[in-house]
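Here are some short exercises to work through with the model open beside you. Try each task on your own before you read its solution.

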Amino acid sequence: MTTVSEAIRPESETPVLRVRDLRTHFFTSQGAVKSVDGVNLEVFQGETLGIVGESGSGKSVTALSVMRLIASPPGQIVSGQIELGGEDLLTFDAAAMRRIRGRRISMIFQDPLASLNPVLRIGFQLGEVFRHHLGLDGKRAESEAVRMLRAMDIPSPETRARSYPHQLSGGMRQRAMIAMALSCKPE
């Protein structure tokens, strides 16, 4: 079956992200659990891909595998390819992946309260993306953090940047995570 986006996409276009036969297993005392078993997907420039399924079907583990954030042990990507711009992320070492995450590829985590550091202010955490990936100094990174909070329609972004995660509503925390994911305009 051909989807609408496939029908209008030029044949020569290369996907931004291509996942081929991805398999992520968790090794327990009871044996291997095949959490992700043969996932294939492609995402092209300007396209949005939604992954749906019941609880425990492997959606989050698939996304974490693509980001190379599977805790090892017990998890391990046992086979497959994860290509970002034609480069197989499974061949990159940990340092290379740290440079790529947030800059070229990013993820909006489901639970922002668990993903944000509770002892660091929101602006500092958001600014960290700008400091790490763009080399901005503290003042400039803080200014960019406030700009991103404003872009997410967070009221009083200057005040919210000085707030800790528990001081924001769930919706504001989620928008702060979206701001963090979009900060460096990932591919």
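The exercises below deal with salt bridges, one helix and two pockets in this predicted model.

**Exercise 1.** Find out what ties aspartate 37 to arginine 23, and which elements the two residues belong to.

*Solution.* Start with the side chains: the closest N and O atoms of aspartate 37 and arginine 23 are 2.4 Å apart. A salt bridge requires such atoms to lie within 4 Å, and this pair forms one. Next, place the partners: arginine 23 sits in strand 1 (residues 17–28) and aspartate 37 in strand 2 (residues 31–43), so the bridge ties together parts 14 residues apart in sequence. Finally, check accessibility. Aspartate 37 is partly exposed, at 44% relative accessible area, and arginine 23 also counts as partly exposed, at 25%.

**Exercise 2.** Examine the salt bridge between glutamate 144 and arginine 140, and decide for each partner whether it is buried or partly exposed.

*Solution.* First, the distance: the closest N and O atoms of this pair are 3.2 Å apart. Second, the position: both residues belong to helix 6 (residues 138–151), and being four residues apart there, they are separated by about one helical turn. Third, the accessibility: buried means under 20% relative accessible area. Glutamate 144, with 10%, is buried, whereas arginine 140, with 44%, is partly exposed.

**Exercise 3.** Look for further salt bridges, and state how many the model has.

*Solution.* Begin with glutamate 158 and arginine 150, whose side chains meet in a salt bridge of 2.4 Å, N to O. Glutamate 158 is partly exposed at 37% relative accessibility, and arginine 150 is partly exposed at 43%. Then look at Arg18, Arg20, Glu42 and Glu83, which are linked in a network of salt bridges. The full count comes to ten salt bridges.

**Exercise 4.** Compare the expected span of helix 6 with the distance between its ends, then find what its buried residues pack against.

*Solution.* Helix 6 has 14 residues, and at 1.5 Å a residue it should span 20 Å. Its end C-alpha atoms are 20 Å apart, which agrees. Now pick out the buried residues: Ala141, Glu144, Ala145, Val146, Met148 and Leu149. These buried residues of helix 6 pack against helix 5 (122–134), helix 7 (157–161) and helix 8 (170–182). One last detail comes just after helix 6, where aspartate 153 takes a positive phi of about 60°.

**Exercise 5.** Describe the largest pocket: what is its volume, and which element gives the most to its lining?

*Solution.* The largest pocket holds about 1000 Å³ of space. It is lined by 31 residues, and the closest to its centre are Leu17, Leu49, Ala63, Ser106 and Met107. Strand 2, helix 2 (59–66) and helix 8 each give two or more residues to this lining. Helix 2 gives the most, with six residues. By type, the lining of the largest pocket divides into 19 nonpolar, eight polar and four charged residues.

**Exercise 6.** Repeat the description for the second largest pocket.

*Solution.* The volume of the second largest pocket is about 600 Å³. Among the 21 residues that line this pocket, Gly102, Phe109, Glu128, Val129 and Met180 are the closest to its centre. The elements giving two or more residues to the lining are helix 5 and helix 8. Helix 5 supplies the largest share, five residues. The lining of the second largest pocket divides into eleven nonpolar, seven polar and three charged residues.

Technical notes:
Residues are numbered from 1 along each chain as its sequence is written. This is a predicted model: local features need pLDDT of at least 70, side-chain atom pairs count only at pLDDT 80 or more; totals for chains, interfaces and linings use all residues. Side-chain values use heavy atoms; hydrogens and water are left out. Buried means under 20% relative accessible area, exposed over 50%, partly exposed in between (1.4 Å probe, protein chains only). The expected span of a helix is 1.5 Å times one less than its number of residues. Contact means heavy atoms within 4.5 Å. On a 1 Å grid over the protein atoms alone, a cavity is a set of points where a 1.4 Å probe fits but cannot get out, and a pocket is an open set with protein on both sides within 12 Å along at least five of seven lines; lining residues have an atom within 4 Å of a point. Grid points are joined across faces, edges and corners, and a volume is the space filled by probe spheres set on the points. Ala, Val, Leu, Ile, Met, Phe, Trp, Tyr, Cys and Pro count as nonpolar, Asp, Glu, Lys and Arg as charged, and the others, Gly among them, as polar.
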